[in-house]
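Visitor: I should like to learn how to read the interior of a protein model. Could we take cavities, cores and sheets in turn?

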Amino acid sequence: MKKCVIIGSGLGGLACGCILAKNDYEVTVLEQGEQFGGCLQCFRRGDTIFETGMHYIGSADSGQTLHAILKFLGVSDGFRLARLDPMGYDVVSFQGGRFRFANGRDNFIDTLAEHFPRRRDELARYFGLIKTVASSSAIHSLNKNVDLNIQAEYQRRSVNEVIGSLVEEPLLRQVLAGILPLYAGEENHTPFSTHALIFDFYNQSAFRIIGGSSLIAKSMVDVIKGLGGKVLVRHKAEKIKCDDTHATAVITSDDECFPADLVISSIHPKLTMRLVESRLLRPAYRYRLENARNTMAAFTVYLKFRKNTVRYMDSNLYYFRGDSIWGCENYDQDSWPKYLLYMHFCHEENPAYAQAGEIITYMSFDEMKPWLGTHVGQRGESYEDFKRRKAEKVIGALSEEVPGISENIEQYYTSTPLTYLDYTGTPEGSMYGVAKDVNCVGAGRISPRTNIPNLLLTGQSITMHGMLGVLAGSLVTCSEVLKNCDIISQLRQYD
């Protein structure tokens, strides 16, 4: 059996591990932290579980893309799903109105047409273009015969520019772009293709994972171990050893050597470059990956509710506080937070009341400068005071939209970009890794291949972030070595 060493146990690394273990590779996954899963991690405080990254997923109904991929990986029986409200899985609150995003074409158009009755044709054109762009992705549509020119065109056109070309009503333009926190969208920068794929992913169907996304990670680890592989925590990769032509091994920080016929790095490309000294990687390539611009970071408040006080909310609330949904990443201390994404955690099937919820908003990594170089639990009282002040401000902002919510909070916990940096290793605590930008398409598009033939990349900076984006990237990465394996045809067997 060929030996494959995978660096990082996030969704991309574990998915590659499952695929390659199923194809007769001896897989070893190395995780530097105490817990595997990356953005699939959950944490517990007392009797309450909190989600850290994968808050909800889409396209998981039978016949849809994620359902097929999870069946293909062999992990779909390891967790249960709770459906979000089909008539309003996402709710955008903006300028005094609440606008529901409903699953499916007709429901989506009918629901928004209640607010914009004269814009049905524009809504239909928007939805039609979403489907056209989504169907041009082979993995997303499970179709080998796609028009790559469509993807290329809408990777070069921004979200706001395309929506502006379809919709005349200024308020409707803003509402349709209101899910931009899902991809840290930036005006005049983020490609419409990113928006289209993510919108279509959730519009087909939307779910929370009962008990948390760590159950998906556990299922993947079980698959890898069941096929003879290993997933090792507290094993930090220190070096990818190479000869004149290939990668030969991964060396960990305690000098343990893992020989490899194939090395896959699922950590951030910038960090991968720091592990490799080989001349096979050209200076220009290193420079591009090490200097790629990352998406925005976040501040999160984790809420533990008083028992039986907060009704479970089977939708996600996007609350924008200003006169535009754009530019929330640019703020001063008076205007922050400009937006909130508020969600509940699904702890059981059909809950009447929520045990826990989360509020997420942007936070610049520049605010972390006083505590750079410190680690979780060792940042001092000034950091704790900073988090308390920020959390109270965020909860106060949510109270504007959800009156009385603060009275029902028993306890809260927080995380900053530094927390995210510590637990995922992502530079600057970036939420979604390398940013996609219409103004520098090449810089934001990173191939899974490197100039070292048996060193491949995967993870959220490759292809796209999110559950479907990372899994699609893993399939693309594995197809580089499984040349005789038609992955699209295999996936269609589970469609």
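**Reading the interior of the model**

Guide: Let us start with an enclosed space. The largest cavity of this predicted model has 13 lining residues, and those nearest its centre are Tyr183, Thr295, Ala435, Lys436 and His465.

Visitor: What volume does the largest cavity have, and which classes of residue make up its lining?

Guide: Its volume is about 110 Å³. The lining of the largest cavity comprises six nonpolar, five polar and two charged residues.

Visitor: How many cavities of 30 Å³ or more does a search of the whole structure find?

Guide: The search finds two. The second largest cavity has a volume of about 90 Å³. Among the residues that line this second cavity are Glu51, His55, Arg208, Ile209, Met343, His344 and Glu358. By class, its lining has five nonpolar, three polar and three charged residues.

Visitor: Which strands each supply at least two residues of the lining of the second largest cavity?

Guide: They are strand 9, strand 17 (339-344) and strand 18 (356-363). Strand 9 also leads us to the next topic.

Visitor: How, then, should a sheet be read, and in what order do the strands stand in the open sheet of three?

Guide: One reads the order of the strands, then the direction of each pairing. Here the order is 5-9-6, with antiparallel pairing. Strand 5 (57-58) and strand 6 (81-83) are the edges; each has a single partner strand, so one side of each lacks a neighbour in the sheet.

Visitor: How many bridges join strand 5 to strand 9?

Guide: Two bridges join them, and strand 9 spans residues 206-209. In one pair, glycine 58 has alanine 206 of strand 9 as its bridge partner.

Visitor: Let us turn to the nonpolar cores. Which residues touch the most other members of the largest one?

Guide: A core is read through its best-connected members. In the largest nonpolar core, which has 141 residues, these are Leu73, Phe108, Phe192, Met220, Tyr342 and Leu471. Helix 1 (residues 11-22) provides the largest share of this core, eight residues. A second, separate core has 23 residues, including Ile7, Leu30, Met273 and Ile452.

Visitor: With which residues is phenylalanine 192 in contact, leaving aside its neighbours within four places in sequence?

Guide: Its contacts beyond those neighbours include Tyr126, Leu129, Ile130, Val133, Tyr154 and Val162. Arg157 and Ser158 are also among the residues in contact with phenylalanine 192.

Key: Residues numbered from 1 in each chain as written. Predicted model: local features only at pLDDT ≥ 70, side-chain atom pairs only at ≥ 80, totals over all residues. Heavy atoms only, no water. Core = buried A, V, L, I, M, F, W, Y, C linked by side-chain atoms within 4.5 Å. Buried < 20%, exposed > 50% of the residue type's maximum accessible area, 1.4 Å probe, protein only. Helix = DSSP H or I, 4+ residues; strand = E, 2+ residues; numbered from the N terminus. Contact = heavy atoms within 4.5 Å. Pairing = 2+ DSSP bridges. 1 Å grid on protein atoms, 1.4 Å probe; cavity = no way out; pocket = protein on both sides within 12 Å on 5 of 7 lines; lining within 4 Å. Points joined across faces, edges and corners; volume = space filled by probe spheres on them. Nonpolar A, V, L, I, M, F, W, Y, C, P; charged D, E, K, R; others polar.
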